[in-house]
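Biologist: I would like a close look at a single part of this model, together with whatever surrounds that part. Please take your time and keep the reasoning connected.

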Amino acid sequence: MHPAPQGGSDPVVHVIQRPEFVDQADGTVRAYYPGEDWYVTGKDRTAAGHALTAEVDRRMQDPNYVAQHFAMAQRHLDGEHTPGFDVQVLDQDQYQARTSEIGDALREGRTPDSE
């Protein structure tokens, strides 16, 4: 959710957000990330998940949204707590291991952090 680190020894702020899905009365599914003030809907959980991914990708192109998201991460580092929103400070080696782990999970069709 941030540009790839450029090397060096600076720590990386790593955010993990676990999506929430809510069945709606009309048969659709609402998907959102905890701590966010927006949501998407889809005809089923899969469609809602795809819509959520597309929307977060779109929002990450907006510098104002990125700044708001970073501010939320900073508040969590300072002690705020939102279930489903976790922030870690990783060193470069931990970050590289984490990105490899996420890539492996996605290639295998698993959701990272679902085990």
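What follows is a request about one helix and then a single long answer.

Biologist: Which residues of helix 1 are buried, which are exposed on the other side, and what do the buried residues pack against?

Modeller: Please bear in mind throughout that this is a predicted model. To place the helix in its setting, the protein chain has three helices and five strands, and from the N terminus on these elements follow the order β-β-β-β-α-α-β-α. Of the 115 residues in the protein chain, 30% are buried. Among contacts between residues at least 6 apart in sequence, 44% join residues at least 24 apart.

Helix 1 covers residues 45-59. Its 15 residues should span 21 Å at 1.5 Å a residue, and the computed distance between its end C-alpha atoms is 21 Å, so the expected and the modelled spans agree. At its N-terminal end the helix is capped by Asp44, a side-chain oxygen of which lies 3.2 Å from the backbone nitrogen of Thr46.

As for burial, the buried residues of helix 1 are Ala48, Gly49, Leu52, Glu55, Val56 and Arg59. Because they cover an arc of only 130° around the axis, they lie on the same side of helix 1. The general background is that an α-helix has 3.6 residues a turn, so residues three or four places apart point the same way. The other side of helix 1 carries Thr46, His50 and Arg58, which are exposed. The buried residues, for their part, pack against strand 2, strand 3, strand 4 and helix 2.

The nonpolar part of that packing can be followed residue by residue. The largest nonpolar core has 10 residues, namely Val29, Ala31, Tyr33, Trp38, Val40, Ala48, Leu52, Val56, Met60 and Tyr65. Strand 3 and helix 1 each supply at least two residues of this core, and helix 1 gives the most to it, with three residues. In general terms, nonpolar side chains tend to be buried together in soluble globular proteins. Val40, a member of this core, shows how the pieces are joined: leaving aside its neighbours within four places in sequence, Val40 is in contact with Val29, Arg30 and Ala31, and also with Ala48, Ala51, Leu52 and Glu55. Apart from this core lies another one, of five residues, among them Val15, Met72, Ala73 and Val87.

Two of the strands that helix 1 packs against are strand 2 and strand 3. Strand 2 (residues 20-23) and strand 3 (residues 29-32) pair in the antiparallel sense over four bridges, and within that pairing Ala31 is the bridge partner of Phe21. The hairpin that these two strands form has five residues between the strands, and in this hairpin Gly27 takes a positive phi near 95°.

Helix 2, which also packs against the buried residues of helix 1, can be described along similar lines. Helix 2 has 15 residues and reaches 21 Å from its first C-alpha to its last, close to the 21 Å expected at 1.5 Å a residue. Its buried residues are Tyr65, His69, Met72, Ala73 and His76, and because they cover an arc of only 100° around the axis, they sit on the same side of helix 2. The face turned away from that buried side carries the exposed residues Pro63 and Asn64. What covers the buried residues of helix 2 includes strand 1, helix 1 and strand 5. At the start of helix 2, a side-chain oxygen of Asp62 reaches to within 2.9 Å of the backbone nitrogen of Asn64, and just after helix 2, Gly79 takes a positive phi of about 120°.

Strand 1, which helps to cover helix 2, holds a polar residue worth adding here. Gln17 is in strand 1 (residues 12-17) and is buried, because its relative accessible area of 11% falls under the 20% cut-off. The side chain of Gln17 makes a polar contact with the side chain of Glu36 at 3.4 Å, and a polar atom of the Gln17 side chain lies 3.4 Å from the backbone oxygen of Pro34.

Definitions and conventions:
Residues are numbered from 1 along each chain as its sequence is written. This is a predicted model: local features need pLDDT of at least 70, side-chain atom pairs count only at pLDDT 80 or more; totals for chains, interfaces and linings use all residues. Side-chain values use heavy atoms; hydrogens and water are left out. Two strands pair if DSSP finds at least two bridges between them. A nonpolar core is a set of buried Ala, Val, Leu, Ile, Met, Phe, Trp, Tyr and Cys residues joined through side-chain atoms within 4.5 Å. Buried means under 20% relative accessible area, exposed over 50%, partly exposed in between (1.4 Å probe, protein chains only). Contact means heavy atoms within 4.5 Å. The expected span of a helix is 1.5 Å times one less than its number of residues. The arc is that of the directions from the helix axis to the C-beta atoms. A polar contact is a pair of N or O atoms within 3.5 Å; within protein, one must be able to donate a hydrogen and the other to accept it, and residues adjacent in sequence count only if both atoms are side-chain atoms.
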